[in-house]
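Let's walk through this model together, one question at a time. Have a look at it first, and then we can get going.

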Amino acid sequence: MAARLERTSAFARARLVAADGEDLDDVVDEVSGVSWVEGETYGFTTSPAAPQGRRTAHRARLEAEAEAARLAKEAERLRAQVAKWREEAGRWRRSTVELRREVGALRRQLAAANRAQQGLRTLVSTTMKRALRKRLRD
């Protein structure tokens, strides 16, 4: 059994670039690419589905309800996990802000220390030059 599933946009694009007489399927393959998969992957079978009676339909409904309940439970668990991670992200953001403030303060202190050091270098250099000149004159 074969089933063909393709996007209509692929055919629209292919029609724009197809030359006269060129096979549209080949152009779709060149423009959008074509991948082949087994039909069973997507639920296509060669035999028709077995007719369902009341019991089979009831059993299928119960299984579907159980699956829905399981999925609802899983969704709730994931919602709780999302809430936990959002809270963790908030703590990290607050921590980041605090660290940025500390880094800013340390940078300001470092800049002030560098300015003070430069001032001391200038003072020592000037003092040494004066002392050397004075000694040379004496």
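Q: Which residues form a negative surface patch?
A: Keep in mind that this is a predicted model. One member of the patch, Glu 22, sits in the loop between helix 1 (8-17) and helix 2 (24-32). Glu 22 is partly exposed, as its relative accessible area is 34%. The negative patch is made up of Glu 22, Asp 23, Asp 26, Asp 29 and Glu 30.

Q: Which residues gather in a patch of positive charge on the surface?
A: A good place to start is Lys 134, which belongs to helix 3 (residues 54-137). With a relative accessible area of 52%, Lys 134 is exposed, because exposed stands for values over 50%. The positive patch brings together Lys 129, Arg 130, Arg 133, Lys 134 and Arg 137.

Q: How far apart are the mean positions of the positive and negative charges of the protein chain?
A: The protein chain has 29 positive and 20 negative charges. Taking the mean position of each set, the separation is 24 Å.

Q: What radius of gyration does the protein chain have?
A: Read along the sequence, the chain runs α-α-α, with 3 helices and 0 strands. Its C-alpha atoms fill a box of roughly 120 × 55 × 20 Å along the principal axes. For a compact globule of 138 residues one would expect a value near 14 Å, but the protein chain has 39 Å.

Q: What share of the residues in the protein chain is buried?
A: To count as buried, a residue needs a relative accessible area under 20%. The chain exposes about 12,900 Å², of which carbon and sulfur atoms supply 56%. Of the 138 residues, the buried share is 5%.

Q: Which residue forms a salt bridge with Arg 61?
A: The structure holds 6 salt bridges. In this one, the two partners lie 4 residues apart in helix 3, about one turn of the helix. Arg 61 is partly exposed at 45% relative accessible area, and the closest N and O atoms are 3.3 Å apart. The partner is Glu 65.

Q: What is the N to O distance in the salt bridge of Glu 67 and Arg 70?
A: Glu 67 and Arg 70 are 3 residues apart in helix 3, so about one helical turn separates them. Glu 67 is partly exposed at 36% relative accessibility, and Arg 70 is partly exposed at 45%. Their side chains meet at 2.7 Å.

Q: Which residues do salt bridges that share partners join into one network?
A: Arg 91 forms a salt bridge with Glu 88, with the closest N and O atoms 2.3 Å apart. Both lie in helix 3, 3 residues apart. Shared partners make one network of Glu 87, Glu 88 and Arg 91.

Note on methods: Residues are numbered from 1 along each chain as its sequence is written. This is a predicted model: local features need pLDDT of at least 70, side-chain atom pairs count only at pLDDT 80 or more; totals for chains, interfaces and linings use all residues. Side-chain values use heavy atoms; hydrogens and water are left out. Helices (H or I, at least four residues) and strands (E, at least two) are DSSP runs, numbered from the N terminus. The radius of gyration is taken over C-alpha atoms; the globule rule is 2.2 Å times the number of residues to the power 0.38. Buried means under 20% relative accessible area, exposed over 50%, partly exposed in between (1.4 Å probe, protein chains only). Accessible areas come from the Shrake-Rupley method with a 1.4 Å probe; for residues, only the protein chains shown count as cover. Lys and Arg count as positive and Asp and Glu as negative; His and the chain ends are not counted. The place of a charge is taken as NZ of Lys, CZ of Arg, CG of Asp or CD of Glu. Patches are made of residues with over 30% relative accessible area and no salt bridge: like charges are joined within 9 Å, nonpolar side chains (Val, Leu, Ile, Met, Phe, Trp, Tyr) within 5 Å. A salt bridge is a side-chain nitrogen of Lys or Arg within 4 Å of a carboxyl oxygen of Asp or Glu.
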